Amino acid sequence: MANDQETTAVSRRLNSIKHIIIVLSGKGGVGKSSVSAQLALNLYAASPTARVGILDVDLTGPSIPRMLGVDGHAVHQSSDGWVPVYADGAQGRLGCMSVGFLVKNKGDSVVWRGPKKNGMIRQFLSDVRWGDLDYLVIDTPPGTSDEHLSLLEHMSPVYPKLSAVIVTTPQAVALMDVMKCLSFTRATNLPVLGLIENMSGYVCPCCGEVSNVFSTGGGKDMAEREGLPFLGSLPVDTELVTLLDAASGGGEDSTGGSGAFELLVRYEKTPSAKLFREIVSTLTRNLAPDQSIDSK
Ligand SMILES: Nc1ncnc2c1ncn2[C@@H]1O[C@H](COP(=O)(O)OP(=O)(O)OP(=O)(O)O)[C@@H](O)[C@H]1O
Ligand code: SF4
């Protein structure tokens, strides 16, 4: 249980954030981190004044710094806590914090037991100097584990600001795991903004046509059945993968890493970007003023 001092420290930090969106998935590898990164980029791009943060609490597999092109940057400790790493060219409007910045070598894995993970999450919530933010996007590990519980427990003072987005692929096995996410959100009274079906169909790299080579539409059907808003489908998009890899300086067409502005210009040209803009516009409509969407 969090003590009073910890609770006060978390509220002090998070009170200056308007909306906190937690990205969940029942299964690993469905694209939760790429959806989190795209969500942060789109919220940042949606208005010239929007201030956005992204917190990566996927402690054993942090991939957000790589996707935002800030991999390898160092986190500075100021007298008032950790300063987030700001994406180059984003004029301090797109900040990121991840355990990926704290491990010595890129590729080192973090092998921690529950209490240490819990302590790290609490520190992320109480010690990062986000300042005023419109949105904080939180990328979580797959499934619903100790990390999720400690996240919610520590954020209890700011619970009304929280909501979740669930990412799935259309396959039956992934959809079954969405039900576990829903049990979790219902048991913890976490409002669900909606479901995103990722890797639904395939964008042909030659002509841009979307073909439904795999099953598709399962996410939409499930959302309807469960009374959840369906936020949209994203196809398998090879341009997106190339872009997110290149952002870290690791892709074939890499220019040694790109800033947020360059990343955004290139992202805007991908087939995913247009679809994601629609997702963000539905999602932001659902956010205010009452976040209680999933009332089951
Ligand atoms: N729509 C998409 N089109 C093409 N590739 C995608 C798409 N979404 C995700 N990917 C790719 O699939 C891989 C897994 O994606 P990602 O890391 O976002 O998944 P995850 O659910 O966060 O995984 P983990 O379980 O490791 O947390 C990445 O290489 C990513 O670039
Ligand atoms: S989608 Fe169009 S370009 Fe792509 S393989 Fe089919 S016909 Fe060819």
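On the side of helix H7 (218–226) facing away from its buried residues, Glu224 and Arg225 are exposed (12 or fewer other C-beta atoms within 10 Å of the residue's own, against 20 or more for buried, with C-beta atoms placed from the backbone). The model is predicted: local features need pLDDT of at least 70, side-chain atom pairs count only at pLDDT 80 or more, and totals for chains, interfaces and linings use all residues. Residues are numbered from 1 along each chain as its sequence is written, chains are lettered from A and ligands numbered from 1 in the order in which they are written. Helices (H or I, at least four residues) and strands (E, at least two) are DSSP runs, numbered from the N terminus.

**Helix H7**
- Gly219, Met222 and Ala223 are the buried residues of H7.
- Their arc, taken from the directions from the helix axis to the C-beta atoms, is only 100°, which puts them on the same side of H7.
- The cover over these buried residues includes S8, H6, S9 and strand S11 (230–236).
- Gly227, just after H7, takes a positive phi of about 70°.

**Helix H6**
- In H6, the residues Ala174, Leu175, Asp177, Val178, Cys181, Leu182, Phe184 and Thr185 are buried.
- These cover an arc of only 165° around the axis and therefore lie on the same side of H6.
- Ala172, Val173, Met179, Ser183 and Ala187 are exposed on the other side of H6.
- The buried residues of H6 pack against strand S1 (17–25), helix H5 (146–154), strand S8 (162–168), strand S9 (192–203) and helix H7 (218–226).
- Asn189, just after H6, has a positive phi of about 55°.

Key
Contact = placed C-beta atoms within 7 Å.
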